[in-house]
Structure formats: C-alpha cells, structure tokens
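The following exercises are to be worked with the sequence and the predicted model in view. Each task is followed by a solution in steps.

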Amino acid sequence: MFEVMSFEVRVKGNLNSCLETEAKIRVKTEHGTKYEIAEGNGPVNALDEALRKALLPSCPFLAEVQLIDYKVFIINGERGTAALVKVEIVSSDGDGRWTSRSESTNIIQASLQALVDSFEQAILRSSAKEIAEQTG
C-alpha cells in the first residue's frame, strides 16, 4: 500500500476574497517516496488532489475514484472548537460505493485519514478485481 510521511496545508486570503489553498504531501509507496503539491478549493480538496498526484503513477485506477459525499459530525460539542469530530467520506469507483470514517480533534487530520482509508479501500478493491479476473 502506501504511507503518508508528512503533509502541510496552507490557506491564505481574507473573508471578502477567494482563498488560496495549497497542500503538500510526502507519500511512501512500493516505488519510493513521492512529494506532491496541489491546489484546491479548500484544504480537503487540496489534500485529495495532492494525494492523487502522488499515487496515480503506481495506481492509475485511482483516477476513477470519486468522492461522492463528505460529512463532518461534532461528537462533543460542549468543547467548542476543540471538539472531537468524525469525518465520513463516501467514495465510488463506478462499480461500487464504500464509506471511510475517521475521528480527531483536528478536522484536517481526520479528513486526510478518511481520504487515505478511502484510497486504500480502492486499492484493495482493484486488487480483488484483478485476482477475480485472473482466476475467473
């Protein structure tokens, strides 16, 4: 599979203009370490784009994976902005749908972990499909 070694997200702007969002990610795969930078319309979109750029050379089928739904749930709202959040992502590769979830007090960390889990599930689905076609 792969491992996220590090990531960084930068959001720049003000409340009255478009925000600039950029994500940097370092990913270790079986083919070595990849470092990618991507822009997005928000931090989660930028992380999604950077992670895809890092993984597409070794997993081209990830181009077909789409994020269908993204939800954030506040678990203990009495803690305000320090609350635990649960992120839920529904993804599809055109053949099926799956859900990945993650929790953290940091919404960006929880979102990235859910994205990673979604891509790992896509890789497992693709591997299972290949095995079924070979034995089939």
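**Exercise 1.** Determine the strand order of the sheet that contains E4, E5 and E6, and state which strands stand at its edges.

*Solution.* Step 1: the order is E4-E5-E6, in an open sheet of 3 strands with antiparallel pairing. Step 2: E4 and strand E6 (97-104) each have a single partner strand, so they stand at the edges and one side of each lacks a neighbour in the sheet. Step 3: on average, neighbouring strands here are turned by 15° against each other, direction ignored.

**Exercise 2.** Describe the pairing of E5 with E6 and identify the helix that packs on this sheet.

*Solution.* Step 1: 8 bridges join E5 and E6 in the antiparallel sense. Step 2: one bridge can be located by residue, since valine 90 has threonine 99 in E6 as its partner. Step 3: H2 packs on the sheet and touches E4, E5 and E6. The direction of H2 makes about 150° with that of E6.

**Exercise 3.** Decide whether asparagine 76 is buried or exposed, and find its contacts.

*Solution.* Step 1: asparagine 76 belongs to the loop between strand E4 (66-74) and strand E5 (85-92). Step 2: its relative accessibility is 18%. Because the cut-off for a buried residue is under 20%, asparagine 76 counts as buried. Step 3: with neighbours within four places in sequence left aside, asparagine 76 is in contact with Ala83 and Leu84.

**Exercise 4.** Analyse the sheet formed by E1, E2 and E3, together with the helices that contact its strands.

*Solution.* Step 1: this open sheet of 3 strands has the order E1-E2-E3, with antiparallel pairing. Step 2: strand E1 (2-12) and strand E3 (32-40) are the edge strands; each has a single partner strand, so one side of each is without a neighbour in the sheet. Step 3: E1 is joined to strand E2 (residues 20-29) by 10 bridges, and the two run antiparallel. Within this region, arginine 10 stands opposite glutamate 22 in E2. Step 4: helix H1 (residues 43-55) packs on the sheet, where it touches E1, E2 and E3, and its direction makes about 145° with that of E3. Step 5: helix H2 (residues 107-135) lies across E1 and E2, at about 135° to E1.

**Exercise 5.** Characterise the contact between H1 and H2 by its geometry and its residues.

*Solution.* Step 1: the two axes come within 10 Å and cross at roughly 35°. Step 2: the crossing is right-handed. Step 3: H1 contributes Pro43, Val44, Leu47, Asp48, Leu51, Arg52 and Leu55, which meet Ile108, Ser111, Leu112, Leu115, Val116 and Phe119 in H2. Step 4: sorted by class, the residues of this contact are 10 nonpolar, 1 polar and 2 charged.

**Exercise 6.** Summarise the chain as a whole and state the confidence of the prediction.

*Solution.* Step 1: the protein chain holds 2 helices and 6 strands, which run β-β-β-α-β-β-β-α from the N terminus on. Step 2: its C-alpha trace spans about 55 × 30 × 25 Å along the principal axes. Step 3: 35% of the 136 residues count as buried. Step 4: the mean pLDDT is 94, with 99% of residues at 70 or more. Step 5: by element, the lowest mean pLDDT belongs to H2 (93) and the highest to E5 (98).

Note on methods
Residues are numbered from 1 along each chain as its sequence is written. This is a predicted model: local features need pLDDT of at least 70, side-chain atom pairs count only at pLDDT 80 or more; totals for chains, interfaces and linings use all residues. Side-chain values use heavy atoms; hydrogens and water are left out. Two strands pair if DSSP finds at least two bridges between them. Helices (H or I, at least four residues) and strands (E, at least two) are DSSP runs, numbered from the N terminus. Contact means heavy atoms within 4.5 Å. Axes are lines fitted to C-alpha atoms, for helices over the stretch in contact, and angles run from 0 to 180 degrees between N-to-C directions. Buried means under 20% relative accessible area, exposed over 50%, partly exposed in between (1.4 Å probe, protein chains only). A crossing is left-handed if the near helix is turned anticlockwise from the far one by less than a right angle, and right-handed if clockwise. Ala, Val, Leu, Ile, Met, Phe, Trp, Tyr, Cys and Pro count as nonpolar, Asp, Glu, Lys and Arg as charged, and the others, Gly among them, as polar. pLDDT is the predictor's confidence in each residue, from 0 to 100.
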